[in-house]
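Got the viewer open? Here's a walk through the model, one selection at a time.

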Amino acid sequence: MMQRAPDFQPDAGVVAGAGVGRGAAVLDDWRAVLACPVCGAGLDDPARCGGCSEEFGEEGGTPRLMSARSSAPVRFDFSGARSVVPEELKRRVLKRPAVGVAGKLPYHMDGGQATVLAGLARGSGVLEIGCGGGQNRLWMRERGLRYLGTDVSKTRVYEHLQAFGGPDVLADAHFLPIRDESVDCVYAAAVNEHLACPLRAAQEVWRVLKPGGVYLGNCSFMEPWHDESFFHMSPNGVIELLLAARFEIEFVYPGAGWHGFVALPRMALMGPLRGLAPLGRLFHLVYRAQTWAANARRRAKGKAAHDPIMVEAKIAGAMTWIARKPKGAA
Ligand SMILES: [Zn+2]
């Protein structure tokens, strides 16, 4: 599900025929790990579950492995130790990862997350939740990754993205049609704010990841309410979500260049008024000038300057994360 303006990363990676190679071959490759989203039984036949007899349809040739009968209690351990995010934890995880990938990235992809993806062993299984038009498929394949793109819909994306072939499977992030511990990486960008129960979805990601597997995600923070979004997350919200779902957090950081001052006008203004969006950059400049002045005063008094990432996080359009399912997790 894409919500940002199409010019956020203009048509990066648009390649004719990027959808080629989809379909039966992809599903055959993933068949061994498909599971019924109702009862969890292995799904040898994507049309019907042998365990609970649930029938699954398709939309234009794309299997629709979703059911309104899927249901689960959501339980998690919460302790008073998490009522406040410890400063030490914030300092440890609020930081930017190294970026070491060359070339243009697909629409929406974060450089730090792309670096993690590019570093996965060839043949690693990557499950994308909310793959939109499927614009990441070719990039993933070119890196030797086994890729399965899922989304809740084939049409909730910009038309220009639909040219990428769309999802391999229609699926609900709260009830992934995937067996336990069967993928090496889950990638979910611009999707978490659209989840009615983000904790359930994070627990599903944890379930399908192999121990040591990596979870790359992001979530709206200062973006306007858009496209039926539910929960927008502050840095603390992201940290708590990941801890509640038992992930080891490696990085939580503001999406590069995507702050509230540009996210709000780009996503809230309509028609010709969108031409006013650059004014957001002016407000951002004022915000930065205010920080420079505050830091100058602090230094004059011998105090430490404000941490630049905290300054950016305060107004981030979206928060991005890199987390891992612990190696010894069961
Ligand atoms: Zn079933």
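Before the clicking starts, one term: a salt bridge here is a side-chain nitrogen of Lys or Arg within 4 Å of a carboxyl oxygen of Asp or Glu. You're looking at a predicted model, where local features need pLDDT of at least 70, side-chain atom pairs count only at pLDDT 80 or more, and totals for chains, interfaces and linings use all residues. Residues are numbered from 1 along each chain as its sequence is written, and side-chain values use heavy atoms, with hydrogens and water left out.

**Stop 1: helix H6**

Select Arg200 and Glu204. Their closest N and O atoms sit 3.5 Å apart, in a salt bridge. Both residues belong to helix H6, four residues apart, about one turn of the helix. Helices (H or I, at least four residues) and strands (E, at least two) are DSSP runs, numbered from the N terminus. An α-helix has 3.6 residues a turn, so residues three or four places apart point the same way.

Are these two buried or exposed? Both Glu204 and Arg200 are buried, where buried means under 20% relative accessible area, exposed over 50%, and partly exposed in between (1.4 Å probe, protein chains only). Now add Asp180 and Arg207 to the selection: together with Arg200 and Glu204 they're linked in a network of salt bridges.

**Stop 2: more charged pairs**

A search of the whole structure turns up 17 salt bridges. Go to Glu240 and Arg82, whose closest N and O atoms are 2.7 Å apart. Glu240 is in helix H7 while Arg82 is in the loop between strand E2 (62-64) and helix H2 (87-93), so this pair ties together parts 158 residues apart in sequence. Arg82 counts as buried at 18% relative accessibility, and Glu240 is partly exposed at 22%.

Then pick Arg48 and Glu55, which meet in a salt bridge at 3.6 Å, N to O. Arg48 is partly exposed, with a relative accessible area of 38%; Glu55, at 55%, counts as exposed.

**Stop 3: the zinc ion**

Click on the zinc ion. Which protein atoms are its donors? They're the SG atoms of Cys36, Cys39, Cys49 and Cys52, lying 2.2 to 2.3 Å from the zinc ion. Donors are N, O and S atoms within 2.8 Å of the metal (3.2 Å for Na, K and Ca); water is not among the atoms, so sites may look incomplete.

The angles among the four donor atoms run from 101 to 113 degrees, making the site tetrahedral; four donors earn that label if all angles lie between 85 and 135 degrees. For reference, the ideal angle for four tetrahedral donors is 109.5 degrees. Along the sequence, the donor residues are spaced C-x2-C-x9-C-x2-C. Cys39 and Cys52, 13 residues apart, are both in the loop between helix H1 (24-30) and strand E1 (57-59). Cys39 is partly exposed at 39% relative accessibility, and Cys52 is partly exposed at 22%.

**Stop 4: two positive phi angles**

Most residues other than glycine have a negative phi. Select Ala190 for an exception: its phi is positive, about 55 degrees, although it is not a glycine. Ala190 is in the loop between strand E6 (183-188) and helix H6 (198-208), and it is buried, with a relative accessible area of 0%.

Next, try Asp227, also not a glycine, with a positive phi of about 45 degrees. Asp227 lies in the loop between strand E7 (209-220) and helix H7 (235-244) and is partly exposed at 33% relative accessibility.

**Stop 5: the domains**

Colour residues 88-259 + 315-324 as domain 1 and 261-306 as domain 2; such bounds come from an automatic or database domain assignment. The domain centres, taken over C-alpha atoms, are separated by 27 Å. Nine residues from domain 1 and ten residues from domain 2 take part in the contact, meaning heavy atoms within 4.5 Å.

Between them, domain 1 and domain 2 bury about 870 Å², 77% of it on carbon and sulfur atoms. Buried area is the accessible area (1.4 Å probe) that two parts lose on being put together, summed over both. On the domain 1 side, highlight Trp258, His259 and Ile315: they lose the most area to domain 2, together 66% of what that side buries. How many salt bridges are there between domain 1 and domain 2? The count is zero.

**Last stop: H8 and Ala305**

Show helix H8 (residues 260-268), where the buried residues are Gly260, Val262, Ala263, Pro265, Arg266 and Met267. The buried residues of H8 pack against H9. Finish at Ala305, in the loop between helix H9 (279-300) and helix H10 (308-313). The C-alpha atoms of Ala305 and Asn295 are separated by 4.9 Å, with the residues ten apart along the chain.

Definitions and conventions:
Tetrahedral: all angles 85-135°; square planar, octahedral: opposite > 155°, others 65-115°.
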